[in-house]
Amino acid sequence: MTHKNFDAIVVGAGMSGNAAAYTMARRGLRVLQLERGEYAGSKNVQGAIMYANMLETIIPDFRNDAPLERHLVEQRFWIMDDTSHTGMHYRSDDFNELSPNRYTIIRAQFDKWFSRKVREAGGTVLCETTATELARDSSGKVIGVHTDRAGDVIQADVVVLAEGVNGLLGTRAGLRETPKPENVALAVKEMHFLPEEVIAERFGMTGDEGCVIEAAGTISRGMPGLGFLYTNRESISLGMGCLVSGLAATMEKPYDLLDGFKRHPSVRPLIAGSEVKEYAAHLIPEGGFKAIPQLFGDGWVVVGDAAQLNNAVHREGSNLAMASGRMAAEAISLINSRGKPMTKHNLSLYKAMLDKSFVMKDLRKYKDMPSLLHTNSRSFFMTYPQLISQAAKNFLRVDGTPKIEMEKATTAAFIKARSRWGLLSDAVRLAFAWR
Amino acid sequence: MKTAIAERIEDKLYQNRYLVDPGRPHIKVRPHQSPSPNLLALTRVCPANCYELNESGQVEITPDGCMECGTCRVLCEASGYIEWNYPRGGFGILFKFG
Ligand SMILES: Cc1cc2nc3c(=O)[nH]c(=O)nc-3n(C[C@H](O)[C@H](O)[C@H](O)COP(=O)(O)OP(=O)(O)OC[C@H]3O[C@@H](n4cnc5c(N)ncnc54)[C@H](O)[C@@H]3O)c2cc1C
Ligand code: SF4
């Protein structure tokens with residue numbers, strides 16, 4: 001086959017791939033999308049909080065038919081030691097707005113819906129098809145893909161690599177590196193089913209209001225890690241993620257950590273009596289700004305998790321994926337409409353759009369956060385949570401000890417564990433990384 | 001105490017849907033004398049418990065319960081100890097919820 005079959009090929013039907021394919025198809029490009037799963041979403045795992053604003057810019061009336069679980073009115077942050085949690089809750093009736101800002105979703109269902117939208121917009125979607133290799137011409141320009149289906153190279157002007165964090169195509173072609181163990185977290189997750197009314201009652205929700213809990217502390221046994229518990233309509237997504245480098249160093253079993261989180265006295269009553277219907281695992285890019293690879297080249301762009309576009313501090317990934325997919329698609333459509341070739345030079349437009357957006361601005365803001373958490377993980381995930389719990393207990397327990405002695409004990413415990421200098425330097429470094 | 005009440009990983013995986021591609025394992029361990037530290041770590045770190053140490057001290061894989069997360073790839077592909085591929089289109093794990 002020598003003629004070009006499509007204007008663009010999108011590899012992957014996750015958040016970024018669907019956003020890209022939909023946007024290009026809507027602009028009249030001939031788009032082919034390849035997905036290795038039986039259906040879009042069958043390989044994908046997420047918490048999952050979906051940020052409405054990003055989807056709204058792509059499909060303004062998505063609320064009419066998208067499979068949404070609960071809109072979020074409450075967020076809890078917990079710092080945990082083995083028997084307690086110290087928490088901050090934010091709940092506001094303002095989140096009960098006409099067009100809510102955040103929803104929980106179930107990825108397998110959501111991606112299926114998004115993929116249907118791509119087809120309705122005129123895109124060609126081929127599931128059960130794994131792209132196995134990028135095809136390049138003698139100058140090295142990407143001209144299409146090989147797949148595991150019989151047949152020749154499928155050709156197109158440009159390939160959008162939306163293959164997720166563990167994408168093989170781009171790494172095999174040398175366009176970017178395989179993620180390093182310290183730049184990815186392994187998350188394991190279970191789906192706990194409970195009747196809708198039970199969930200509403202346990203979390204203090206009415207109608208389709210929802211609540212999410214994010215938790216850090218001794219549950220990750222000194223590794224950089226986080227636990228989460230998100231309410232869906234009639235299920236609870238419960239999971240735990242830790243850096244792969246941390247797991248390899250400590251040899252902890254991920255499902256043991258998850259079971260520990262589930263059995264914690266603060267979590268156990270929330271899921272009591274539930275029926276578990278799935279156990280899933282997936283990587284999350286955590287390297288941040290410094291881990292972002294080259295994003296475009298002759299005949300290709302990379303979007304979403306494959307490009308490490310993930311904000312680990314705010315637990316945002318799907319919206320960065322949708323935003324980067326949309327911007328890549330807009331850049332490609334613009335180049336196409338001007339009749340220009342998909343060269344590296346012309347595709348740099350995508351990077352320019354990304355740089356101007358919240359995606360790069362947010363990631364740049366937290367560029368020092370990942371390395372800070374690596375070097376000090378034991379303080380941040382073991383020592384401080386225990387100290388905070390002790391401080392809260394000292395503050396609340398009434399047993400005849402004078403308050404001044406309680407306070408002294410709290411201060412002494414902090415200094416003993418971390419030294420004055422250690423505390424000060426942790427605080428300064430945290431402040432700088434956050435700035 | 002803790003291990004006594006821990007749930008079995010087999011029971012967890014039993015809830016999942018898979019379409020196994022018989023005779024075509026998508027991940028292979030290359031022959032080795034003794035495992036590298038990262039390869040050995042896979043016997044604990046793989047979330048589906050696919051890796052095991054055999055009697056003669058080598059690491060083996062049975063990828064049937066694999067959830068295609070890529071953790072073993074990130075830890076061991078570069079060193080050449082394992083060969084990692086996706087299963088053929090349509091095969092492997094099929095998440096109902098994800
Ligand atoms: C446990 C967990 C919780 C999370 N929670 C949140 C959250 O609450 N909010 C949030 O915003 N983000 C969250 N994220 C991050 C979010 O899931 C990702 O950022 C987002 O899914 C990235 O989208 P993507 O399209 O880049 O990749 P993916 O969604 O991973 O999609 C990649 C797609 O490409 C396909 N594919 C890969 N290779 C090939 C190939 N060779 N041929 C054909 N198809 C291929 C895959 O099957 C898949 O469908 C979470 C992630 C995890 C793992
Ligand atoms: S990809 Fe993940 S689940 Fe599969 S064998 Fe490797 S570590 Fe285990």
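A residue counts as near a molecule if one of its heavy atoms lies within 4 Å of it. That cut-off applies to ligand 2 in this predicted model.

**Around ligand 2**

By that rule, 14 residues surround ligand 2. Those that come nearest are B:C46, B:C66, B:C69, B:G70 and B:C72. What classes of residue make up the shell around ligand 2? Eleven are nonpolar, two are polar and one is charged. Cys counts as nonpolar here, and Gly as polar. The space that ligand 2 takes is the largest cavity.

**Domains of chain A**

Chain A is divided into domain 1, domain 2 and domain 3. Domain 1 is written in three stretches: 2-68, 103-177 and 290-365. Domain 2 covers 182-285, and domain 3 covers 369-434. Between domain 1 and domain 2 of chain A, the C-alpha centres lie 28 Å apart.

**Two interfaces**

The size of an interface is often given as the accessible area lost when the parts come together. The table gives that area for two pairs, along with contacts and salt bridges.

| Pair | Residues in contact | Buried area | Share from carbon and sulfur atoms | Salt bridges |
|---|---|---|---|---|
| Domain 1 and domain 2 of chain A | 16 residues of domain 1 with 20 residues of domain 2 | about 1,400 Å² | 65% | zero salt bridges |
| Chain B and chain A | 42 residues of chain B with 53 residues of chain A | about 4,100 Å² | 53% | six salt bridges |

Take the domain pair. Carbon and sulfur atoms give 65% of its buried area. The rule finds zero salt bridges across this interface.

Now the chain pair. How many salt bridges are counted between chain B and chain A? The count is six. Which side chain of chain A meets B:E68 in a salt bridge? The partner is A:R36, at 2.7 Å from N to O. Carbon and sulfur atoms give 53% of the area buried between these chains.

How values were computed. Residues are numbered from 1 along each chain as its sequence is written. Chains are lettered from A and ligands numbered from 1 in the order in which they are written. This is a predicted model: local features need pLDDT of at least 70, side-chain atom pairs count only at pLDDT 80 or more; totals for chains, interfaces and linings use all residues. Side-chain values use heavy atoms; hydrogens and water are left out. On a 1 Å grid over the protein atoms alone, a cavity is a set of points where a 1.4 Å probe fits but cannot get out, and a pocket is an open set with protein on both sides within 12 Å along at least five of seven lines; lining residues have an atom within 4 Å of a point. A molecule sits in a cavity or pocket if more than half of its atoms lie within 2 Å of its grid points. Domain bounds come from an automatic or database domain assignment. Contact means heavy atoms within 4.5 Å. Buried area is the accessible area (1.4 Å probe) that two parts lose on being put together, summed over both. A salt bridge is a side-chain nitrogen of Lys or Arg within 4 Å of a carboxyl oxygen of Asp or Glu.
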